[in-house]
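Grab your viewer and work through the exercises below. Each one sets a task and then walks through a solution.

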Amino acid sequence: MKRSEKEFPIKDDVILVEFLHHMWEKGWLDDFSDEHFLLRIMENRLTDFIGEQQAYLDNTLMYPCIDTRNFASTFLINFSVKMNALKEKFGEKQIEKFVKNQLSAGKKNYNEEQFFRALSEITVISYFCGLAEWKEKIYEPQINKKKNPEVRLVSKSNIVVDIEVKT
């Protein structure tokens, strides 16, 4: 049975993770490994994430309400909102491609480091998209045959910002 045919695992405040719910129902997560970070956190199976304590310690002063009890819900809400914003900027087709090809982090050959690289891309791209009103927003522009950035943003004054995140 495909994951998208199963019940969405988040029961409370689904409106806060609406785009994540959309991704689930559309089958974008069907090929993800059961061990994928995103699925484990959604299904309340994330028991061994070493970065959780670090995230808590790094954010306590700025966000005192975030702690180990609400880390999962905070992460999922932020993730869903960022993904929806990217969909609004680049279109659903492009974000679906990103989710299935990069965020899946190897699909059945899951690699958690690969997932966090994709998550880093989401974070950086979201940040730059929010800096200005961009005249053009192009996901995976074809610049030449050797290199192409993840995203190209062009300002109203024709300043070009190419984004390729490496970790």
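## Warm-up: the fold

The protein chain in this predicted model has 6 helices and 3 strands.

**Exercise 1.** Work out in what order the helices and strands come along the chain, starting at the N terminus, and what share of the residues is buried.

*Solution.*
- Step 1: walk from the N terminus and you read α-α-α-α-α-α-β-β-β.
- Step 2: turn to burial. Of the 167 residues in the protein chain, 38% are buried.
- Step 3: check the contacts. Taking those with a separation of 6 or more, 51% join residues 24 or more positions apart.

## Two helices and their buried faces

**Exercise 2.** Find the buried residues of α1 and decide how they sit around the helix axis.

*Solution.*
- Step 1: pick out the buried positions, which are F19, L20, M23 and W24.
- Step 2: look down the axis. These residues span an arc of only 150°, so they sit on the same side of α1.
- Step 3: see what covers them. The cover includes α2, α4 and α5.
- Step 4: step just past the end of α1, where G27 has a positive phi of about 85°.

**Exercise 3.** Do the same for α5: which residues are buried, and what covers them?

*Solution.*
- Step 1: in α5, residues 92-103, the buried set is I95, F98, V99, Q102 and L103.
- Step 2: down the axis of α5, the buried residues fall within an arc of 115°, so they line one face of the helix.
- Step 3: among the elements covering them are α1, α2, α4, α6 (112-129) and β1 (136-139).
- Step 4: after α5 comes A105, with a positive phi near 55°.

## A histidine in a loop

**Exercise 4.** Place H36 in the chain, then settle whether H36 is buried or exposed and what its side chain reaches.

*Solution.*
- Step 1: H36 belongs to the loop between α1 (18-25) and α2 (37-42).
- Step 2: the relative accessible area of H36 is 0% and the cut-off for buried is under 20%, so H36 counts as buried.
- Step 3: follow the side chain of H36 to the backbone oxygen of L103, at 2.7 Å.
- Step 4: list the contacts of H36, skipping neighbours within four places in sequence. You get L103, S104, A105, Y110 and F115.
- Step 5: tie this back to Exercise 3. L103 is one of the buried residues of α5, and A105 is the residue with positive phi that follows the helix.

## Empty space

**Exercise 5.** How many cavities of 30 Å³ or more are there, and which residues line the largest cavity?

*Solution.*
- Step 1: the count is 1.
- Step 2: the volume of the largest cavity is about 60 Å³.
- Step 3: its lining consists of L86, F90, I95, F98, E121, I122, I125, Y139 and V151.
- Step 4: sort by element. α4, α5 and α6 each give two or more residues to this lining, and α6 gives the most, with 3.
- Step 5: sort by class. The lining of the largest cavity has 8 nonpolar, no polar and 1 charged residues.

**Exercise 6.** Describe the second largest pocket: its volume, lining and chemistry.

*Solution.*
- Step 1: the volume of the second largest pocket is about 240 Å³.
- Step 2: it has 13 lining residues, and I10, K11, D12, S73 and L76 are the closest to its centre.
- Step 3: helix α4 (residues 71-90) gives the most to this lining, with 4 residues.
- Step 4: by class, the lining of the second largest pocket splits into 8 nonpolar, 2 polar and 3 charged residues.

Methods
Residues are numbered from 1 along each chain as its sequence is written. This is a predicted model: local features need pLDDT of at least 70, side-chain atom pairs count only at pLDDT 80 or more; totals for chains, interfaces and linings use all residues. Side-chain values use heavy atoms; hydrogens and water are left out. On a 1 Å grid over the protein atoms alone, a cavity is a set of points where a 1.4 Å probe fits but cannot get out, and a pocket is an open set with protein on both sides within 12 Å along at least five of seven lines; lining residues have an atom within 4 Å of a point. Grid points are joined across faces, edges and corners, and a volume is the space filled by probe spheres set on the points. Ala, Val, Leu, Ile, Met, Phe, Trp, Tyr, Cys and Pro count as nonpolar, Asp, Glu, Lys and Arg as charged, and the others, Gly among them, as polar. Buried means under 20% relative accessible area, exposed over 50%, partly exposed in between (1.4 Å probe, protein chains only). A polar contact is a pair of N or O atoms within 3.5 Å; within protein, one must be able to donate a hydrogen and the other to accept it, and residues adjacent in sequence count only if both atoms are side-chain atoms. Contact means heavy atoms within 4.5 Å. The arc is that of the directions from the helix axis to the C-beta atoms.
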